[in-house]
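Colleague: I should be grateful for a close look at one part of this model, namely the aromatic residues and how they are arranged. Please then set that part beside the strands and residues elsewhere in the chain.

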Amino acid sequence: MASTRFRMIGVALFVVALSAVEAIQWDGGPADKANITSCVGGIASIPWSFVKGDGETLLSLAWGFQAPGKEKTQIATSNNGHFYTTEKKKFGFLTNAGLSLHDARSQDSGDYSVQVQLLQTDSNLVTVGRMVTLSVTDTPPATQDGDLHVTLSDVVRDDVTEDWIVPLYCGHFVDLGHPPVGVVWTTPSGEVRNSSYQDKGSFVLSLSSPVQGGNYSCHLSPSAPAARCLTATSTLKAAAQLYVHDNDVRLLLLEAQLQETSSRQSKLIGDLNRTVDFMFQGLSSCKDWLARDPRSGVRAIQASGQIMAVYCDQVTDKGGWTVFQRRKDASVDFYQGWTEYRNGFGDLEGNFWLGLDKLHSLTTSQRYELRVDLYKVDWRKGYATYSGFYVDDASHNFALHFDNFTGGNAGDSLSNHRGQQFTTKDRDHDAWDSGSNCAQIYHGAWWYTCCFNSNLNGEYNPKNQHHGLTIWHSFEGGNSLKFTEMKIRPI
């Protein structure tokens, strides 16, 4: 008997639910369990609306919110046409079951729901509802001055086709928004091109020669979700344009061609000078050059059967010095690998490392002394000298050797490294047993122990104080240096 009664109640509840579904009709707003997005700082609208069935009476509305991983909470109600919420600045009512969220933030992301309670003509109380998932992630793009600009840049040579390219830039963006926006270009012929390629905050349109003259314009892609986060009065919604004149382009091309020709001529002259220098074979050091040409500069010498270009310092301490390292600014990155330090890198007249193989050839061809010249940030000078300097070959990882520290006001910050093998970021030969690589830790390359008293190939940043920078402890402690130069001279 009881079993029959429960079955009758279940059937009745099913009929009530079915009648509620058939009676109320949702006629607006997002579908149930839909995913919607909103702009950070914007207004998120959920315009739910419904139509009651004949004879039905609306009793109440209740809105809820459930953040990911949190309990569901009630955020607003409506009774007898009056909207109630404890966060009046945040939530608003939209006809007839909708909800608006003002100044949306990322923490407002989650599930929003509405429950509609109705009284039917047969006095049955029914509740129906809907739910959406809101993501508050979109942000508007921004430019340096709030406007879009089209600018014409210098002509460049395409590395693949070797054709001249005239680049137009649309920007300058400091934030592309979320998701990142793109731009649409319109050429004088009316051709429309999408652009996603960026360079330093600007979208690039590459024009091949001959370039069509006329107006080129760019505007934000209308399909970009982040673009809708812009305010109604934002100037980024307007297109930017630039008139490109044929004569201007021809002038740019001519300047680029002249510059390229000049660069080639300079290279040819430099090659010719080096060739002339190489004709002076038999000169094994800069000390040999001192008798022929007392000027400092790049010269050709021959050591251990190898001809090489070196920089000769003919001024310091009566001259005759072959420079193998110089740091004067940050234009050359000294955080290089084993191959680069073996072969050498940089510009002999600027920042450079001559190369471990060349240094081995030089220092094993005859007996040398070493001099290290240093300048502090305030340009106060120091130096240190060592006798019997040489480096081993590659099979011994170019280990450092010298007899003694022979003087200099910079003090001795190299003796602790004597006998140590050379270490780079990809070849660990330091004395640190822990497996750590001093070159990786201090962004340099040196004859590290664990780790150093000197680190002249460390990061160049003379304005900072950091033990990983270009350092000679006995001269400047933990402070980085402004200038370093390492050089050798036959004894």
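Modeller: The account below begins with the aromatic rings and then turns to a neighbouring strand, the sheets and two further residues.

The model is a predicted one, and the count of aromatic pairs in it comes to 23. One of these pairs is formed by F324 and W353, with an edge-to-face arrangement: the ring centres are 5.8 Å apart and the planes stand at 85 degrees. F324 belongs to strand β25, which covers residues 321–327, and W353 to strand β27, residues 352–353, so the pair ties together parts that are 29 residues apart in sequence. Both partners are shielded by the protein. F324 has a relative accessibility of 2% and therefore counts as buried, the limit being under 20%. W353, at 1% relative accessibility, counts as buried too.

The pair of F422 and W447 can be described in the same terms. Its ring centres lie 5.1 Å apart and its planes meet at 80 degrees; because angles over 60 degrees count as edge-to-face, this pair is edge-to-face. Here the partners sit in loops: F422 in the one between β31 (404–407) and α6 (438–442), and W447 in the one between α6 and β32 (454–455). The pair thus links distant parts of the chain, 25 residues apart. F422 is buried at 0% relative accessibility, and W447 is likewise buried, with a relative accessible area of 0%.

These two pairs belong to a wider arrangement. Ring pairs link F324, F334, Y341, F345, W353, F389, F422, W446 and W447 into a cluster. One member of the cluster, F334, also has a charged group over its ring: the charged end of R327 sits there, 3.9 Å from the ring centre. A comparable placement involves R326, which lies over the face of Y311 at 4.5 Å from the ring centre.

Y311 leads to T322, since Y311 is among the residues that T322 touches. T322 lies in strand β25, the strand that also holds F324. T322 is buried, with a relative accessible area of 0%. Leaving out residues up to four places away in sequence, T322 touches S285, C286, V310, Y311, L362, M486, K487 and I488. With C286 there is a polar approach as well: the backbone nitrogen of C286 lies 3.5 Å from a polar side-chain atom of T322.

Elsewhere in the chain, the strands form open sheets. In one of them, 6 strands follow the order β2-β11-β10-β5-β6-β7, with mixed pairing. The edges are taken by β2 (34–39) and β7 (82–84); each has a single partner strand, so one side of each is left without a neighbour in the sheet. Direction ignored, neighbouring strands of this sheet are turned by 25 degrees against each other on average. Within the sheet, strand β5 (residues 57–66) and strand β10 (residues 110–119) run antiparallel and are joined by 9 bridges. T57, for example, has L119 in β10 as its bridge partner.

G129 lies in strand β11, residues 125–138, a strand of this 6-stranded sheet. At 32% relative accessibility, G129 counts as partly exposed. Apart from neighbours within four places in sequence, G129 is in contact with W26, V114 and Q115. D32 is 97 residues from G129 along the chain, and the C-alpha atoms of the two are separated by 8.5 Å.

A further open sheet has 4 strands in the order β18-β17-β21-β22, with antiparallel pairing. At its edges stand β18 (192–195) and β22 (240–244), each with a single partner strand, so one side of each lacks a neighbour in the sheet. The twist from one strand to the next averages 20 degrees. Strands β17 (residues 183–186) and β21 (residues 214–220) run antiparallel and are joined by 4 bridges; the bridge partner of V184 in β21 is H219.

Finally, L205 lies in strand β20, residues 202–208, and counts as buried at 5% relative accessibility. Residues up to four places away in sequence not being counted, L205 touches V166, P167, L168, W185, R193 and Y216. L205 and G92 are 113 residues apart in sequence, and 45 Å separates them in space from C-alpha to C-alpha.

Methods
Residues are numbered from 1 along each chain as its sequence is written. This is a predicted model: local features need pLDDT of at least 70, side-chain atom pairs count only at pLDDT 80 or more; totals for chains, interfaces and linings use all residues. Side-chain values use heavy atoms; hydrogens and water are left out. Rings of Phe, Tyr and Trp (its six-membered ring) pair if their centres lie within 6.5 Å; planes under 30 degrees apart count as stacked, over 60 as edge-to-face and the rest as tilted. Helices (H or I, at least four residues) and strands (E, at least two) are DSSP runs, numbered from the N terminus. Buried means under 20% relative accessible area, exposed over 50%, partly exposed in between (1.4 Å probe, protein chains only). A charge sits over a ring if NZ of Lys or CZ of Arg is within 6 Å of the ring centre and within 35 degrees of the ring normal. Contact means heavy atoms within 4.5 Å. A polar contact is a pair of N or O atoms within 3.5 Å; within protein, one must be able to donate a hydrogen and the other to accept it, and residues adjacent in sequence count only if both atoms are side-chain atoms. Two strands pair if DSSP finds at least two bridges between them. Axes are lines fitted to C-alpha atoms, for helices over the stretch in contact, and angles run from 0 to 180 degrees between N-to-C directions.
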